[in-house]
Amino acid sequence: MSFNVLGSGSYVPPKIVTNEELSRQMDTSDEWIASRTGIRQRHICTTETASDLAIEAAKRALESANTDPKELDLILCATVSGEVICPSLTCLVQAGIGATCPAMDINAACSAFLYMLATANGFFCAGMEKILVVGTEQMSRVLDWTDRSTAVLFGDGAGALVLGKGENFLGYYLHAQGDKDILYIPTQNYNSPWCQRENEKPAVSMKGQGTFRYAVNAMVRDIRQLLEEKGIREEELDWVIPHQANRRIIDAAARRFPNIPNERFYCNIDRYGNTSSASIPMALDELARSGQLKRGDLVALAAFGGGLSDGAVLLRW
Ligand code: ACO
């Protein structure tokens, strides 16, 4: 027993910030950003929050799955940029869509959507029948907008899937390697009168080249490991949907799979930037709605990010 994907949805805030607009705010250029990352623009929240994006993506997924929110047994949400710690962001989504089931957050940074699918699978094995999973990020809230080395990389958005009892989740491989040196987003405020720690800037800091190397190696190892374990050949994959962090990371990984044509590695980073836990469900929804991802397609998902954490998932759409 595992699950089938019943429907998908995604949502991005309407405000688009192009590389040109960013170049007017900081010392950067469209040429630098596009050639190093593949990013041309990103969507940025103005009045919206991570939970607003999540609620809209969830409603769209429920509509495409023809599912009433009252039918859900569980909701899981992933975020590193939610506007609240309590109530959980998932509880805000539960209220926003009019569901009544249990709800909880999952944090594994950019890999969280895959950790969430594996967690949902466990609940299906325990007898649940319908689960909503959402990745949502307001990354613009956790960036230092004076730091050009990180500010240009991220965007805001949300993606969601409705899952129902079935057999199409074929397997997963998850990995973590605790390290706060390479990728770090502190939360602030040590304000007790006894605390002797300094407050840190609550913004993304990252060693770009270290992340790059980790990302390529992890993605290649995780997909290979999973295919080998499941006895599936590379060329049988219809799609590889990687976490969208950098076009060059995706291309470098793709080169290490000579039997998978390059165009099967989906990339939409030019329009959205890195939306962390939302990037994979947003890509799935975009591919499905455009008709390119078809029922029965064999799909590998691969992600890496803060933690450090990474993983791969194999499913039939
Ligand atoms: N515009 C112009 N110049 C810039 C910018 C910018 N936005 N940012 C950095 N530079 C400069 C640097 O200052 C440096 O200048 P210097 O040589 O004079 O010192 C030069 O460009 C080269 O910088 P590098 O960091 O060496 O550039 P690199 O080619 O490594 O690309 C990048 C940087 C795009 C960040 C790349 O390393 C990368 O994509 N890394 C992986 C990022 C990633 O996967 N993140 C996942 C995050 S998951 C999560 O956060 C939750």
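This section describes the backbone geometry, cysteines, nonpolar cores, aromatic contacts and salt bridges of a predicted model.

Most peptide bonds are trans, and most residues other than glycine have a negative phi. Against that background, two cis peptide bonds can be described. One of these joins C86 and P87, with omega at about 0°, and P87 is placed in the loop between strand β4 (74–78) and helix α4 (89–97). Another is the bond from G307 to L308, for which omega is near -10°; here L308 belongs to strand β13, which spans residues 307–316. Positive phi values in residues other than glycine are illustrated by N66, with phi of about 55°, and by A109, with phi near 50°. N66 is located in the loop between α3 (50–64) and β4, whereas A109 is found in the loop between β5 (103–106) and α5 (112–125). The surroundings of these residues can be stated in terms of solvent accessibility: N66 is exposed, with a relative accessible area of 70%, while A109 is buried, at 12%.

With regard to the cysteines, a disulfide is a covalent bond between the sulfur atoms of two cysteines. The count of disulfides in the model comes to zero. C267, for example, takes part in no disulfide, the nearest cysteine sulfur being that of C110, 15 Å away. C267 is buried, with a relative accessible area of 17%, and C195, at 30%, counts as partly exposed.

The largest nonpolar core of the model comprises 47 residues, of which M219, I223, L237, I249, F265, F304 and L314 touch the most other members. The elements that give two or more residues to this core are α7 (208–230), α8 (247–255), β12 (298–305) and β13, and α7 gives the most, with nine residues. A second, separate core holds 34 residues, including L161, L293, V299 and L315. The environment of L314 can be given in detail: once its neighbours within four places in sequence are set aside, L314 is in contact with N168, F169, L170, G171, L226, L227, K230, I232, L237, V299 and A300. Two of the residues named here recur elsewhere, in that L237 is listed beside L314 in the largest core, whereas V299 is a member of the second core.

The search for aromatic pairs over the whole structure returns five of them. In one of these, F257 and F265 form a tilted pair, with ring centres 6.1 Å apart and 35° between the planes. F257 is buried, with a relative accessible area of 1%, and F265 is likewise buried, at 5%. The ring of F257 also has a charged partner, since the charged end of R224 sits over this ring at 5.2 Å from its centre. Elsewhere, F3, F124, F169 and Y172 form one aromatic cluster; F169 from this cluster is also listed among the contacts of L314.

The structure holds 17 salt bridges. K201 forms one of them with D144, the closest N and O atoms being 3.1 Å apart, and this pair links distant parts of the chain, with K201 in the loop between β9 (183–184) and β10 (205–206) and D144 in the loop between β6 (130–138) and α6 (148–151), 57 residues apart. The accessibilities of the partners are unlike, as K201 counts as exposed at 56% and D144 counts as buried at 16%. A salt bridge within a single helix is provided by D285 and R289, whose side chains meet at 2.8 Å, N to O; both residues lie in helix α10 (279–289), four residues apart, or about one turn of the helix. Of this pair, D285 is buried, with a relative accessibility of 3%, whereas R289 is exposed, at 52%. K230 forms a salt bridge with E229, with closest N and O atoms 3.7 Å apart, and K230 counts as partly exposed at 35% relative accessibility; K230 is also among the residues in contact with L314. Finally, R221, D222 and D310 are linked in a network of salt bridges.

Technical notes: Residues are numbered from 1 along each chain as its sequence is written. This is a predicted model: local features need pLDDT of at least 70, side-chain atom pairs count only at pLDDT 80 or more; totals for chains, interfaces and linings use all residues. Side-chain values use heavy atoms; hydrogens and water are left out. Buried means under 20% relative accessible area, exposed over 50%, partly exposed in between (1.4 Å probe, protein chains only). A disulfide is a pair of cysteine sulfur atoms within 2.5 Å. A nonpolar core is a set of buried Ala, Val, Leu, Ile, Met, Phe, Trp, Tyr and Cys residues joined through side-chain atoms within 4.5 Å. Contact means heavy atoms within 4.5 Å. Rings of Phe, Tyr and Trp (its six-membered ring) pair if their centres lie within 6.5 Å; planes under 30 degrees apart count as stacked, over 60 as edge-to-face and the rest as tilted. A charge sits over a ring if NZ of Lys or CZ of Arg is within 6 Å of the ring centre and within 35 degrees of the ring normal. A salt bridge is a side-chain nitrogen of Lys or Arg within 4 Å of a carboxyl oxygen of Asp or Glu.
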